[in-house]
Amino acid sequence: MSKFNIKEIALSLATGMLVGVIFKVLKFPLPAPPNIPAFMGIFGVWLGATLVKN
């Protein structure tokens, strides 16, 4: 795994939060998993791909 870029992580988090706020204000359904198990499934897909890549 490569070194984490804190600036990139912070910008990604801020962008995601902004998108979440915009979606709630416009009363759109959130484009994200509604609960932790669904989120962990997506994280697992990313982690598996990352482990195989390296």
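**Pocket lining.** I looked up which helices line the largest pocket, and found that α1 and α2 each supply at least two residues of the lining. The model is predicted, and I read every entry here with that in mind. α1 gives the most to this lining, with 7 residues. I noted 16 lining residues for the largest pocket, and those nearest its centre are Ile 9, Ser 12, Leu 13, Gly 16 and Phe 39. For the space in the largest pocket I wrote down about 630 Å³.

**Aromatic pairs.** How many aromatic pairs does the count give? I have 2 aromatic pairs in my notes. For Phe 23 and Phe 28, the ring centres are 5.8 Å apart and the planes stand at 75 degrees; planes over 60 degrees apart count as edge-to-face, so I entered this pair as edge-to-face. I then checked how accessible the two residues are. Phe 23 is partly exposed at a relative accessible area of 23%; a residue counts as buried under 20%. Phe 28 is also partly exposed, with 46%.

I turned next to Phe 43 and Trp 46, an aromatic pair of the tilted kind, with 5.5 Å from centre to centre and 35 degrees between the planes. Why are Phe 43 and Trp 46 separated by about one helical turn? They sit 3 residues apart in helix α2, which covers residues 36-53, and that spacing is why the separation is about one turn. I logged Phe 43 as partly exposed, with a relative accessible area of 33%. Trp 46, at 42% relative accessibility, is partly exposed.

**Nonpolar patch.** I looked for the residues behind a nonpolar surface patch of about 580 Å², and listed Leu 18, Val 21, Ile 22, Val 25, Leu 26 and Phe 28. Phe 28 is thus entered twice in this notebook, as a member of the patch and as a partner of Phe 23 in the edge-to-face pair. I also followed up Val 25, another member of the patch. Val 25 has its place in helix α1, residues 6-25. Is Val 25 buried or exposed? I found Val 25 exposed, with a relative accessible area of 61%; the cut-off for exposed is over 50%.

**Gly 44.** My last entry concerns Gly 44, which I located in helix α2. Gly 44 is partly exposed, and its relative accessible area is 35%. I checked Gly 44 against Phe 4: the two are 40 residues apart in sequence, and their C-alpha atoms are 18 Å apart in space.

Definitions and conventions:
Residues numbered from 1 in each chain as written. Predicted model: local features only at pLDDT ≥ 70, side-chain atom pairs only at ≥ 80, totals over all residues. Heavy atoms only, no water. Phe/Tyr/Trp six-rings, centres within 6.5 Å; stacked < 30°, edge-to-face > 60°. Buried < 20%, exposed > 50% of the residue type's maximum accessible area, 1.4 Å probe, protein only. Helix = DSSP H or I, 4+ residues; strand = E, 2+ residues; numbered from the N terminus. Patch = residues over 30% accessible without salt bridge, like charges linked within 9 Å, V, L, I, M, F, W, Y side chains within 5 Å. Areas by Shrake-Rupley, 256 points an atom, 1.4 Å probe, with all protein chains shown as cover. Salt bridge = Lys/Arg side-chain N within 4 Å of Asp/Glu carboxyl O. 1 Å grid on protein atoms, 1.4 Å probe; cavity = no way out; pocket = protein on both sides within 12 Å on 5 of 7 lines; lining within 4 Å. Points joined across faces, edges and corners; volume = space filled by probe spheres on them.
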